[in-house]
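Here's a quick briefing to read with the model open beside you. Have a look at the chain, then run through the points by topic.

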Amino acid sequence: MTTTLVWFRGHDLRLADNEALVEAAGAGAVVPVYLHVPADEGEWPPGAASNWWLHHSLTALTTDLRARGSQLIV
């Protein structure tokens with residue numbers, strides 16, 4: 001059985017229409033991971049509104065993954 005790490009990035013925290021996730025799930029077990037890398041944001045660091053959105057998006061993703069029997073590694 002294959003185990004695949006799926007890396008969720010800051011602006012792509014979705015299950016629906018996620019080609020990497022579909023491909024990984026078709027091959028075997030999936031380990032969903034989110035890495036917080038503020039340097040990837042470029043020269044403009046995220047502000048309060050962006051951080052609020054990120055927090056709630058990660059909470060929703062965690063809930064969706066748990067409903068499917070998985071767990072997001074942060």
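What follows covers the overall fold, the core, the surface and a few local contacts.

Keep in mind that this is a predicted model. The chain has two helices and two strands, and going along the sequence they come in the order β-α-β-α.

**Overall picture**

- The protein chain has 74 residues, and 24% of them count as buried.
- Along the principal axes, the C-alpha trace spans about 40 × 25 × 20 Å.
- Take the contacts between residues at least 6 apart in sequence: 75% of those join residues at least 24 apart.
- The accessible surface adds up to about 5400 Å², with 58% of that belonging to carbon and sulfur atoms.

**The nonpolar core**

- The largest nonpolar core has 12 residues: Val6, Phe8, Leu13, Leu15, Leu21, Ala24, Tyr34, Leu54, Leu58, Leu61, Leu65 and Leu72.
- Three elements each put two or more residues into this core, namely β1 (2-8), α1 (19-27) and α2 (48-67).
- The most generous of them is α2, which supplies four residues.
- Leu72 is a good core residue to click on: leaving out residues up to four places away in sequence, Leu72 touches Phe8, Pro32, Val33, Tyr34, Leu58, Leu61, Thr62 and Leu65.
- For a spacing check, pick Asn51 and Leu72, which sit 21 residues apart in sequence and 18 Å apart in space, C-alpha to C-alpha.
- Asn51 belongs to helix α2 and is partly exposed, at 37% relative accessible area.

**A nonpolar patch on the surface**

- Not every nonpolar side chain is tucked away: Leu5, Val31 and Ile73 form a surface patch with about 250 Å² of accessible area together.
- Within that patch, Val31 comes from strand β2 (residues 28-34).
- Val31 has a relative accessible area of 31%, so this residue counts as partly exposed and clears the cut-off of over 30% for joining a patch.

**Around the start and end of α1**

- Which residue caps the N-terminal end of α1? That's Asn18, with a side-chain oxygen 3.3 Å from the backbone nitrogen of Ala20.
- Asn18 sits in the loop between β1 and α1.
- The side chain of Asn18 also reaches back to the backbone oxygen of Arg14, at 3.0 Å.
- Is Asn18 buried or exposed? With 7% relative accessibility, Asn18 counts as buried, because the cut-off for buried is under 20%.
- On the other side of the helix, α1 is followed by Gly28, which has a positive phi near 150 degrees.

**Charged contacts**

- How many salt bridges does a search of the whole structure find? Just one turns up.
- The pair is Asp12 and Arg14, whose side chains meet at 2.5 Å, N to O.
- Asp12 is partly exposed at 29% relative accessibility, and Arg14 is partly exposed too, at 34%.
- Arg14 is worth a second look: its side chain takes part in the salt bridge with Asp12, while its backbone oxygen is the atom that the Asn18 side chain reaches.

Terms used:
Residues numbered from 1 in each chain as written. Predicted model: local features only at pLDDT ≥ 70, side-chain atom pairs only at ≥ 80, totals over all residues. Heavy atoms only, no water. Core = buried A, V, L, I, M, F, W, Y, C linked by side-chain atoms within 4.5 Å. Buried < 20%, exposed > 50% of the residue type's maximum accessible area, 1.4 Å probe, protein only. Contact = heavy atoms within 4.5 Å. Patch = residues over 30% accessible without salt bridge, like charges linked within 9 Å, V, L, I, M, F, W, Y side chains within 5 Å. Areas by Shrake-Rupley, 256 points an atom, 1.4 Å probe, with all protein chains shown as cover. Salt bridge = Lys/Arg side-chain N within 4 Å of Asp/Glu carboxyl O. Polar contact = N/O pair within 3.5 Å; in protein donor to acceptor, adjacent residues only side chain to side chain.
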